[in-house]
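Reader: I've just opened this one and I'm new to it. Could you walk me through it, a question at a time?

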Amino acid sequence: DESKMWAVQRRLEAQATAQQQQQQQHPEQQLEDEARVAFAQALKPFIEDCQRARLSPRQVVELNKLGGTFQVRRLADLLLRLTTGGELTPLYTTQRISSLLALLEVYMTWKLCVEVVTQQVDAMLHDPGFSVAVGRPLEREYPLQTHLLTTLLASEELEDKTTQLIRGAVLTIYRKFPPLRQQILSLVTNALSAFGWGKNRSHAAINDLLYILVPIIAGLKQPISLDHEHMLNEVLAPLHRPSFMLDEMTCVMSTYYKPLSLCIRMFMRKLEADRHFKLASSFLKRVLSCVLPNEPKHTVMILNSLQEILEEIDGEVFDSLHKAVLKLLADCSVSDHAAMAQRALQFWRSDAFLALIRRQPAAAVTAMAPALIRDAKVHWNDGINNLVALVVEALRE
C-alpha cells in the first residue's frame with residue numbers, strides 16, 4: 001500500500017544520504033592506469049585464496065564488485081573486516097600472507113588509504129596466527145618494512161595514531177624477523193643522516209624515526225659494533241646541525257629533541273669502559289661544532305643536549321674538552337638573548353656538572369669570572385643577574 005511505498009522510499013533515501021556522507025568523508029581515490037593494472041593483478045590471487053578458504057559467496061561477490069570498480073577505500077575497509085572478524089579460517093597461511101602482502105604493497109606504493117592499510121598491517125603483525133613460519137614471504141618477496149618507512153617519510157600530514165601504528169609495525173617486524181634487522185636499521189639511519197647533513201630538509205618523520213631507533217639502541221649487545229659506532233657519530237651527532245626555524249618561536253631541533261636525547265643517553269650507557277673515552281669525546285666534539293652563535297633558539301637546544309651528554313660521560317672525557325665547553329658557557333652567559341643566557345647559567349645548578357668542574361677549578365674561574373662580573377652590571381634581565389650571582393658564589397666555593 002501507499003504507506004509501505006513511502007517507508008521504502010524514505011529508507012532508500014536515507015541509505016543514499018548515508019552513502020553520500022561516507023563518500024564525502026572518505027572519497028574514493030582516482031587511480032592512474034598503471035595503478036589500476038597493478039591493483040587488479042594483486043586482487044585476483046587474494047580473491048582466489050578466499051574462495052579456497054570458503055569465504056561466504058556474498059563476501060566474494062562484494063570483493064569482486066569493489067575491485068572491479070576500483071573502489072579502493074571501501075575495499076580496504078572490507079579487507080580489514082575480513083582479517084579481524086574471524087571470517088577466514090585459518091586466518092593466516094603462507095599463501096594468504098603472500099596474496100595479502102601483494103595487495104597491501106599496491107596500496108602502499110600508490111599511497112592509497114594509508115590510515116586503513118596501516119591498521120590492516122598492525123592487525124596482521126599482532127595476530128597470534130601470524131608466526132615467523134607463515135610470514136616468510138615478508139622476507140623474500142614483499143618488503144613491507146620498506147613501504148612502511150617510505151610512507152612515514154613521504155607523508156607530511158599523517159595522524160598521530162597512524163604514525164604510532166607504523167612505528168609499532170616496523171619494530172614488530174624488526175623483532176620477529178632477525179634477517180631484516182640490518183635493512184630496517186639502514187633505512188632508518190640513512191633517512192636521519194640525510195636530514196642531519198642537510199640533504200633533505202623535510203623534518204616531519206624525524207621524530208618518529210628516532211622513536212623507532214630508541215628500543216633498537218636499548219637492545220644492542222655489547223661490545224658495540226663498528227656499524228653502531230658509525231650511528232653515534234654520523235647519524236645522532238649531525239642531528240644537532242639543523243638550525244632553521246619553523247616559525248618565529250620554534251626551532252626545528254625542538255620537534256625531535258626528546259627521542260634524540262633518549263637515543264644519546266642509551267648509547268652512552270652502552271659504551272664499554274675501554275672505548276668510552278674515544279667515542280664519547282669524539283661525539284662531544286661533534287656536538288660542540290654544531291653551535292651557531294647567531295641562532296639563539298638553536299643554541300638553547302644544543303645546550304640542553306650538552307648538559308645531558310655531560311651527565312653521561314666520565315671525567316677524562318670532560319678534561320679533554322673542558323676549554324671548549326667552558327668557552328661556550330661563558331659566551332652564552334653574556335648573551336642579550338635571555339633564554340640562551342639563562343640556559344647556560346643553569347648548568348651550575350647541576351650536581352653532575354659541578355662534579356666535573358671540580359676537576360678543572362682554575363680553568364672554570366679563568367673562563368667564567370670575567371664574563372660573569374661584567375654581565376652582572378649590564379644585562380637587561382634581572383633574572384639573569386640573579387643567576388649570575390649564584391654562579392659567582394659557586395665559583396668561590
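**Pockets, a helix and some cysteines**

Author: Sure, and keep in mind that this is a predicted model. A good place to start is the lining of the largest pocket, made up of Leu171, Tyr174, Arg175, Arg181, Pro215, Ile216, Gly219, Leu220, Lys221 and His228.

Reader: Which helix gives the largest share of the lining of the largest pocket?

Author: Two helices each supply at least two lining residues here: H9 (160–176) and H11 (206–218). The largest share is three residues, and the helix they come from is H9.

Reader: What volume does the largest pocket have?

Author: Let's look at the walls on the way there: five of the lining residues are nonpolar, two are polar and three are charged. As for the space itself, the volume is about 260 Å³.

Reader: And how many polar residues are in the lining of the second largest pocket?

Author: That pocket has a volume of about 220 Å³, and its lining includes Trp348, Leu354, Arg358, Pro361 and Glu397. Sorted by class, the lining has eight nonpolar and two charged residues, and the number of polar ones is zero: no polar residues.

Reader: Which helix supplies the largest share of the lining of the second largest pocket?

Author: The helices with at least two residues each in this lining are H18 (351–357), H19 (361–378) and H20 (382–396). The largest share, three residues, belongs to H19.

Reader: Which residues of helix H8 are buried?

Author: Helix H8 spans residues 144–154. Its buried residues have cover from elements that include H5 (94–109), H6 (114–126), H7 (136–140), H9, H10 (181–196) and H11. The buried ones are Leu144, Gln145, His147, Leu148, Leu149, Thr151 and Leu152.

Reader: Why does Cys113 have no bond to the closest cysteine sulfur?

Author: A disulfide is a covalent bond between the sulfur atoms of two cysteines. To count as one, the sulfurs have to be within 2.5 Å. The closest cysteine sulfur to Cys113 is in Cys50, and that is too far for a bond, at 18 Å.

Reader: Is Cys113 buried or exposed?

Author: The cut-off for buried is under 20% relative accessible area. Cys113 has 6% relative accessibility, so this cysteine counts as buried.

Reader: How many disulfides are there by this rule?

Author: Take Cys251, which is in no disulfide: the nearest cysteine sulfur, in Cys290, is 12 Å away. Cys251 is also buried, at 3% relative accessible area. With the 2.5 Å cut-off applied, the count of disulfides comes to zero.

Terms used
Residues numbered from 1 in each chain as written. Predicted model: local features only at pLDDT ≥ 70, side-chain atom pairs only at ≥ 80, totals over all residues. Heavy atoms only, no water. Buried < 20%, exposed > 50% of the residue type's maximum accessible area, 1.4 Å probe, protein only. 1 Å grid on protein atoms, 1.4 Å probe; cavity = no way out; pocket = protein on both sides within 12 Å on 5 of 7 lines; lining within 4 Å. Points joined across faces, edges and corners; volume = space filled by probe spheres on them. Helix = DSSP H or I, 4+ residues; strand = E, 2+ residues; numbered from the N terminus. Nonpolar A, V, L, I, M, F, W, Y, C, P; charged D, E, K, R; others polar. Contact = heavy atoms within 4.5 Å.
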